[in-house]
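Here are my notes after a pass through the model you sent over. Have the structure open while you read, as the points go residue by residue.

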Amino acid sequence: MAWGKTVGVASWVERLKTNDAGLISVTVFRGRLFGSDEAAAVCDALHTNTHLLELYASGHAMDAATAAKLTKALAANKTLQSLCVGDDCFGDEGLAALAPGVAKSASLRTLDLENKGIGDVGAAALGNALATAKDGGCPSLTTINISRNDALGPEGIAAVCTGAAHLQKLEKLVLNELNVGGVAADAIAALLASAPALCALDLTNAKLDVAAGDVGKLRKGFDTRAQRKDAPPLSLEMDGVELGDAGAIALAGETRGANVKRLSLRGCGVGCEGGRAVARAALSAATETLILSDNTLGDAGAHAVAQALGDATSTSTSLRTLDLGCCGVGADGAAALAQNAADITDLSLFGNESIGNDGLAAIARAGSDTQFPGLRALKSLDVGGCGADEAGLIAFCDALARDEKNLQNLETLVVGGNPGTQGDGWEPALGRLRDARPTLDVAWRAADAGESPETRENSAALLAQAGE
């Protein structure tokens, strides 16, 4: 339900007071009426409500006095699971007033404090609230988001992580666009090492000082975590973190088996050597998804990743999804991947304009003979925006249509954004391919966008570029 100026306060609060079973989620959009009086009315109603699960009122001002009323409501309410209130002026005073309610809530699972003007003082208050978990506080909390708080420094982040270390059910911590270096990196590493349920850490566009050893600190946390048999697989998002090769190598480390299920390093300035180290570490661990798009791997990096894939074929690996989009990969790199990526099911090479016709030809041959054994498990392939002209695309389609052994398990193919899709001969070639493989979904226009989870964003971008 969305509450705005056209919705009467009394009727809406009355639904909360009467425990209307149909009212389980409330989102108050920006520009709608939600001042201190309205918020106070909701707080009063929450004392006895047993059905509302989500309250999202981000972007609306909330002062400390109102936050204190919400604290009392959280202590009384037994069912609210997700909370996001306040705007970028909520600040330390607002969080200090709200934090005791977080500690006393029996049901709160998700706390979203993104872009709330929080500094180190407010973070310390939150850390103290989280630390009450050692005495039974915060019994249900699984997700904490404190991203995009510009005034929040490493000391405040460290306070939150130190408090969060006491949470038995914490699964996800989001620290986007924050300075997580120094003491924050130490605290994050300690949390990684000890948190029993942590399975997702999001550091997108966070700041780390590679030269000062911040990445090495995180790696130590992974190493300690790897020694715990009860540690769940981790999803690690580090898109936009300025790692470079040195940071990527430090992150990969020497210890095997870090149990990172998903690793995303989009746009991290990773080159050939960094890509080599990360690929080897991923393949030696339990990593299922590796995203290295928008880096500077080049053909040398693609060869390095391909070599790691080839070396791993004799052992049991978990890697199934690989994204090397917009990495400067050329025809030789694509051919190397085609020869070695035997167990990959989802491969994105989107935006590598130098792959061209020769690269597509090498990919098309994969699985057709012993010289090209790779891609035998491939189900989804994104070669959109790879510089293939009409002749190259026609040859690619006809190769797949002619020999069922070529990419024999392919279910989704993205080719939009290639110059060849604008030619007169393209659609007849596509028709022949679809006739030969009726179960193959080919995306080359907006209406044909594929559904691979790791290629969806790239597909949308390339189709937009194509002007379809």
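1. Start in helix α8, residues 214-226: R219 and D223 both sit there, four residues apart, or about one turn of the helix. The two make a salt bridge, with 2.9 Å between the closest N and O atoms. Both partners are buried. Bear in mind throughout that this is a predicted model.

2. Next, look at R262 and E237, where a salt bridge brings the closest N and O atoms to 2.5 Å. This one links distant parts of the chain: R262 belongs to strand β9 (residues 260-264) and E237 to strand β8 (residues 234-237), 25 residues apart. Again, R262 and E237 are both buried.

3. Just past those strands, the side chains of R266 and D239 also meet in a salt bridge, at 3.2 Å from N to O. Here the link runs between loops: R266 is in the one between β9 and α10 (272-284), D239 in the one between β8 and α9 (244-252), and 27 residues separate them. The burial is mixed. D239 has 13% relative accessibility, so it counts as buried, while R266, at 21%, counts as partly exposed; the cut-off for buried is under 20%. For the whole structure, the search turns up 10 salt bridges.

4. How many aromatic pairs does the structure hold? Just one. It is W426 with W444, edge-to-face, 5.8 Å centre to centre and with 75 degrees between the planes. W426 lies in helix α15 (residues 426-436) and W444 in the loop between β15 (441-443) and α16 (456-466), so the pair ties together parts 18 residues apart in sequence. W426 is buried at 1% relative accessible area, and W444 is buried too, at 4%.

5. On cysteines: there are zero disulfides in the structure. C84 is buried, with a relative accessible area of 2%, and C397 likewise counts as buried at 1%.

6. D135 is worth a click as well. You'll find it in the loop between α5 (120-131) and β5 (143-145). With 68% relative accessibility, D135 counts as exposed. Its C-alpha atom is 9.3 Å from that of H166, which is 31 residues away along the chain.

7. Finally, the overall numbers. The protein has 16 helices and 15 strands, and 55% of its 468 residues count as buried. Among contacts with a separation of 6 or more, 84% are between residues 24 or more positions apart. The exposed surface comes to about 18,400 Å², with carbon and sulfur atoms supplying 48% of it.

Notes:
Residues are numbered from 1 along each chain as its sequence is written. This is a predicted model: local features need pLDDT of at least 70, side-chain atom pairs count only at pLDDT 80 or more; totals for chains, interfaces and linings use all residues. Side-chain values use heavy atoms; hydrogens and water are left out. A disulfide is a pair of cysteine sulfur atoms within 2.5 Å. Buried means under 20% relative accessible area, exposed over 50%, partly exposed in between (1.4 Å probe, protein chains only). Helices (H or I, at least four residues) and strands (E, at least two) are DSSP runs, numbered from the N terminus. Rings of Phe, Tyr and Trp (its six-membered ring) pair if their centres lie within 6.5 Å; planes under 30 degrees apart count as stacked, over 60 as edge-to-face and the rest as tilted. Contact means heavy atoms within 4.5 Å. Accessible areas come from the Shrake-Rupley method with a 1.4 Å probe; for residues, only the protein chains shown count as cover. A salt bridge is a side-chain nitrogen of Lys or Arg within 4 Å of a carboxyl oxygen of Asp or Glu.
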